Amino acid sequence: MVSSSDRVHTETSHNMAQRSITSFFKKTPFTPMEIKSNGGSKVSHVNGDTSPISDEKDKPSERQQSNSIDNDGDSQDSLKPKNKAKRQRVISSSSESESPVKVKKEDLSDNDDSITLNKSVNKTYDSPKNKKAKIKKEIKSPSPKKGAKSLSRDEVKENSLKLKIVGSKEKDNIVKNTEHIDNIENESEEIQKVAENAYNPSKSKYHPIKDACWSKGEPVPYLALAKTLDLIEGTSARLKIIEILSNFYRSVMVLTSEDLLPCIYLCLNQLAPAYHSLELGIAETYLMKAIGQCTGRTLAQVKSAVQKCGDMGRVAEQARAAQKTMFAAPKLQIRKVFAALKEIAHMTGQASVNKKINKIQSLYVACRDCEARFLIRSLEGKLRIGLAEQSVLHALALAVATTPPGPNLQLDAAQHMSADKFKALVEQHVAVVRRTYCECPDWAELLHELLRGGVAALASRCSMRVGVPLRPMLAHPTRAVRDVLARFENEEFTCEYKYDGERAQIHVPAAPDDKPDFANAAIFSRNQENNTAKYPDVLSRLPTLLKEGVSSCVLDCEAVAFDAANGKLLPFQVLSSRKRACASAEDVRVPVCVFVFDLLYLNGAPLVGSTLAHRRKLLREHFCTQPGTWQFATSKDCSTIEEVQLFLEEAVKESCEGLMVKMLTGDNSKYDIARRSHNWLKLKKDYLEGVGDTVDAVIIGAYRGKGKRAGVYGGFLVACYDPESEQFQSLCKLGTGFSDEDLQILSDMLKEHIIDSPRNYYNYDSSHSADVWTSAAVVVEVRCADLSLSPAHRAAIARLHPHKGVSLRFPRFVRVREDKAAEQATTAAQVAQLYLAQDQIKNQVKQPDAAHEDDFY
DNA sequence: GTCGTGCGTTTCC
DNA sequence: GTCCGACGCATTCGG
DNA sequence: CCGAATGCGTCGGACGGAAACGCACGAC
């Protein structure tokens, strides 16, 4: 490894390493020598530091001055000639073998050329929803609610109109003989099928057979899904989204029910239940490569187009549209697309990446219309249309309420009952479907039972069982201790330490002899991944946890790295260095202590419907603890603010993140994820106003935003200042905490500070190379939860570790410090000081032996 | 062919 | 993980 | 009394650091 002391940063392909520090003195407007330490500048904002500046709550009002919403955030590129245009549409796929070095060179030099080239091809994409939001702001309707509603309707109409126009334009693409005779019982009439391009599941009084664009028994065309997703993308009203999707599902159920599962998976970007651990293994970079190869562009060209547009799906769609197709590929079918994705996920071993890319290309070239957009986004892993799990569940419930599966075909149940009655029916179905999914997050199983026996049979046939992970209860952040009381007023509640580890849901099934079957026990993560192989040590000592009489159970726990020698909890960073799969308990390098805090199932009976008080009682009765291996989460049943406050401080001192606050009795203490998934409160020091670490950092670079952040910068590289080495050392990237307005302001602000290449006194890792570099001018206040030693960031490098700097955990933007100049930012020494001041670091037992030295030399 | 390194992806928080 | 924005729903406010 | 305003919870999607892991690729 290159020692970074002799070089400002280790980016070898950049040429700036040659530039000497002296050149910096000539170029920069401010000279580090001139810095006057501002009256003994102290560490900024440590634990409620009350410097007069930091206390000024000058937030939005002042910033409004520089607000210019109209700006397109198009920064430096707007200066460039715009008429070079469409040159590179010429299909020339000759540039195959790009060595990584070559690619890098292109990356660096493309700044002027390819971006301009792509400019007119890929305009910054302003999503329909963004547009809508803007319109909404402009129109100050006396009745915003109604205004919004009618607006969305109009827009949907407009959208579908456009669709029709497009459809007629591309008449040649429309398959003309789409007339079929459908033999479904009471539908004896001849049904003329809708052309695929005109498929419109958002129309009112949607008829699942007549309005579909395929016939009974036929595989569902991928274009039907793409059209549905396209409509949804243009809609922001959630209920409307659900209606559109449910209409599509109704058609699938009635015509081709076996395609419903792939349809749902494609809507969710999922391949299988999480605990099957099936992943695509393909993301942004390889996708861009695939698109480039298909459309005769270099990786750098695609990259800059994606940056410009903020959406790879759109880029892929436009690139595909611009291409002439040599021969018509067969139409994509949903089941085939989904099967192909699964196939890609299963490819492993040598040359698998290329095989995956080839497979993607074969799909991509067969894309028509907007299919490419959604195919590519599926592969990216996010649809970005405002549709996710909860809406899919709702849509499915609405679909089965409207068109119930079963022998007696009924196409629109709503017709036969009052609106209120139907609404109640839907609500009930939604509740059942959601609950079922929470207890058994397996779409295959859920759909199988749903299509077979309908909603009525779902609850009984498909419910919680040992071995299938259930969705865990999550917690809401709380900004003040008094908010806890506000929420839990007059209720019994308890506070537990919030341990800084990894969620572990432990399942122990019963053997036929009614003893616990430890051999088949399993451990699942917060996201239902199967972590059984990760914790052989925990599994091996499971027998010490269960008391006599326990035959089966499901436990909710937190696994925390543990220093057995000193009986101390270790930071999350230590825990995360555990191998993901470990053969046996002896091979485990990082021991853990498991903190059990809930019991969800005991001896054949689910407890999710019991109160926490009851579950906790059973937990304490039936399970053993042993310091350092199995412990119950430290808890205290508080009733006053003062008690909570004190307990919080205690928790933090003992290397915990804070507190979890939970209701003990009543309906709200049940483990009912379907009804409310964030039913607990979390209380952390860094949420509290005026408490927690804050740093004033300098923006030295920016990254172009994607999706809803297209057109502005979506993130920034920020640094601390080190007067001794005269460097700005990267501290972290900053990507959350700003309002849309903040982002606009920052983007405008930075325009005048953009520089061609990073200063040679910027110390950063090449992995953090910014899209746009800026001179060190804008100072921002950044809040974080922790400071950690970083392999990639350089703040306070060599002060705590020879080649590791410090970075921030969970960094978020607080405000612009317009009152501060770059040289007044938090210094490297102060960052180091903040790092060392952390309770968790102070708690660490200093090793007098070589272990410490080991790290150093 | 083997080994180490770099890069990309996924999964925790 | 944090955070923001939009939506939907219930409750309160005001003419 | 009814519509408007307000408050709150949910949902979805921007974005963060760090580590493991698996494949690609160059050095030997």
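Buried area is the accessible area (1.4 Å probe) that two parts lose on being put together, summed over both. The exercises below concern a predicted model, in which local features need pLDDT of at least 70, side-chain atom pairs count only at pLDDT 80 or more, and totals for chains, interfaces and linings use all residues. Residues are numbered from 1 along each chain as its sequence is written, chains are lettered from A and ligands numbered from 1 in the order in which they are written, and side-chain values use heavy atoms, with hydrogens and water left out.

**Exercise 1. Describe the interface of domain 2 and domain 4.**

Step 1. Chain A is divided into domain 1 (198-269 + 385-463), domain 2 (284-380), domain 3 (476-687) and domain 4 (694-844); the bounds come from an automatic or database domain assignment.

Step 2. Taken over C-alpha atoms, the centres of domain 2 and domain 4 lie 35 Å apart. Four residues of domain 2 and six residues of domain 4 form the contact (heavy atoms within 4.5 Å).

Step 3. About 450 Å² is buried between domain 2 and domain 4, with 37% of it on carbon and sulfur atoms. On the domain 2 side, E284, Q307 and G310 lose the most area to domain 4, together 78% of what that side buries.

**Exercise 2. Identify which side chains meet in a salt bridge with E284 and with R368.**

Step 1. The criterion is a side-chain nitrogen of Lys or Arg within 4 Å of a carboxyl oxygen of Asp or Glu.

Step 2. E284 pairs with K706, at 2.2 Å from N to O. Between domain 2 and domain 4 the count is one salt bridge, while the whole structure holds 48.

Step 3. R368 pairs with E196, at 2.8 Å from N to O. This pair links distant parts of the chain, 172 residues apart: R368 is in the loop between α15 and α16 (371-380), and E196 is in the loop between β2 (190-192) and α8 (222-233).

**Exercise 3. Determine which residues come nearest to DNA strand D and which part of the strand the protein meets.**

Step 1. Of the 47 residues around DNA strand D (a heavy atom within 4 Å), G349, A351, R384, G386 and S391 come nearest.

Step 2. Sugar or phosphate accounts for 92% of the strand D atoms within 4 Å of the protein, and bases for the rest.

Step 3. Phosphate oxygens of DNA strand D lie 3.0 Å from a backbone N or O atom of A388, 3.4 Å from a polar backbone atom of Q390 and 2.8 Å from a polar side-chain atom of Q573.

How values were computed
Polar contact = N/O pair within 3.5 Å; in protein donor to acceptor, adjacent residues only side chain to side chain. Helix = DSSP H or I, 4+ residues; strand = E, 2+ residues; numbered from the N terminus.
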